[in-house]
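Here are some short exercises to try with the model on your screen. Have a go at each task before you read its solution.

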Amino acid sequence: MLEAMKTGSRRLAGSFTRTLFISTSRRTELKDVTAEIQATVNESGCSEGVCHLYVPHTTAGVLINEGDDPAVAHDIEATLDRLIPHRGDYAHAEGNSDSHIKTSLIGSSETVWIENGQLALGRWQSIFLADFDGPRRRELRVKIVPDLPASSC
Amino acid sequence: MLEAMKTGSRRLAGSFTRTLFISTSRRTELKDVTAEIQATVNESGCSEGVCHLYVPHTTAGVLINEGDDPAVAHDIEATLDRLIPHRGDYAHAEGNSDSHIKTSLIGSSETVWIENGQLALGRWQSIFLADFDGPRRRELRVKIVPDLPASSC
Amino acid sequence: MLEAMKTGSRRLAGSFTRTLFISTSRRTELKDVTAEIQATVNESGCSEGVCHLYVPHTTAGVLINEGDDPAVAHDIEATLDRLIPHRGDYAHAEGNSDSHIKTSLIGSSETVWIENGQLALGRWQSIFLADFDGPRRRELRVKIVPDLPASSC
């Protein structure tokens, strides 16, 4: 739970940080982690605030897109593999240059906000850990910064 | 206006959230929404802080680039359509897989900051709602988090 | 150093903003700026908080990826140049449409957080100013927002 700081008659809550561990099962895989992140929001006790997401890897990132029809994630994966093939004329000797490039395009962070204790996602949005060099056990870091309480004092 | 919280002799301002509604007129369209967002900053009364932008859709995102010469937005639109064609070998049956993929690449959020009541954009920067499955009426959410006041007390 | 605001028996620190100037030497260049940003965190005196990064240009952005083997940055640069060639059928007359498009894909902002006074990057992560129309002298803006202190009061 968020720890609180008392000021006058109100409490200011500090931030809340949690690292989630996510296992993937394919080389290129968008894994829906919305439920895990919402569980973290619940655990934090935050009602209104900002939820920062951060992936501390260089061959996996985070993105937000449709989670309802799994064909969408499939098409995103396949198109990235078509544009940036696994095998190619790359300088990096570890055989995963494509994974680094895909991660650079998708990005390592996202910022969502929290309203009434819920991730304020759109109707069709899910949050995905995007692994481009799986299968692996990945970290997704969550930092929740509660809003200052608005008041009419 | 931002509501304030009194603490000692100073006031802490809470956050300010607003949803903007943006209409697009083409399938792939970068629409300059800088003026609408600045108007929201004005309405908030925030002088110094962070402005989070969020698009709650899965076929539209938000990006920052040149707004002075409309040819730049045209070239961004055309290049995305070339790299990720509307028609292709996609699994998702709704005919807009390309829109989901473009949105994943452009991203759903941006974070800008506010200085002296103005969006602290670069000289040539504008903020665009990037619709990839228009024409539609889209939402762009704005959340303004004022800085805590610095003081020498 | 962050200026503090006293409230009850605790101090709230305001935010800290700094503009870094980064010189690049090639047209497409990922330049590692991690050390400069860490130095800014040190200067701020922030121990726990959020570090927002922002590039106020339309032909340069910011990304996070591997800094250990320079071949990775090379492969990211070369692949972006392959997908979005310098010369092409572009409408913008200044000859740098590719630079604007690459910047749109990579993005203008990143959000990292600060733990124990250090940028909380992953083991292999570095932060790069990504210039797509160099060589130039570029700005990278850093805004540090300290967490509210958690307490058990």
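**Exercise 1.** Find out why the copies meet through different surfaces.

*Solution.* Start with contacts, which are heavy atoms within 4.5 Å. Only 17% of the interface residues of chain A are also interface residues in chain B, so the copies meet through different surfaces. Next, lay chain A on chain B, using least squares on the C-alpha atoms of residues with pLDDT of at least 70 in both: a turn of 120° and a shift of 0.0 Å along the axis give an RMSD of 0.0 Å. The two copies are thus related as by a three-fold rotation axis.

A word on the source: this is a predicted model, where local features need pLDDT of at least 70, side-chain atom pairs count only at pLDDT 80 or more, and totals for chains, interfaces and linings use all residues. Residues are numbered from 1 along each chain as its sequence is written, and chains are lettered from A in the order in which they are written.

**Exercise 2.** Work out the strand order of the open sheet in chain C.

*Solution.* Strands are DSSP runs (E, at least two residues) and helices are runs of H or I (at least four), numbered from the N terminus; two strands pair if DSSP finds at least two bridges between them. The order is E3-E10-E5-E7-E8, with antiparallel pairing. At the edges, strands E3 (16-23) and E8 (118-119) of chain C each pair on one side only. Inside the sheet, 6 bridges join E5 (residues 49-54) to E10 (residues 137-146) of chain C; C:Leu53, for instance, has C:Val142 as its bridge partner in E10(C).

Terms used: Side-chain values use heavy atoms; hydrogens and water are left out.
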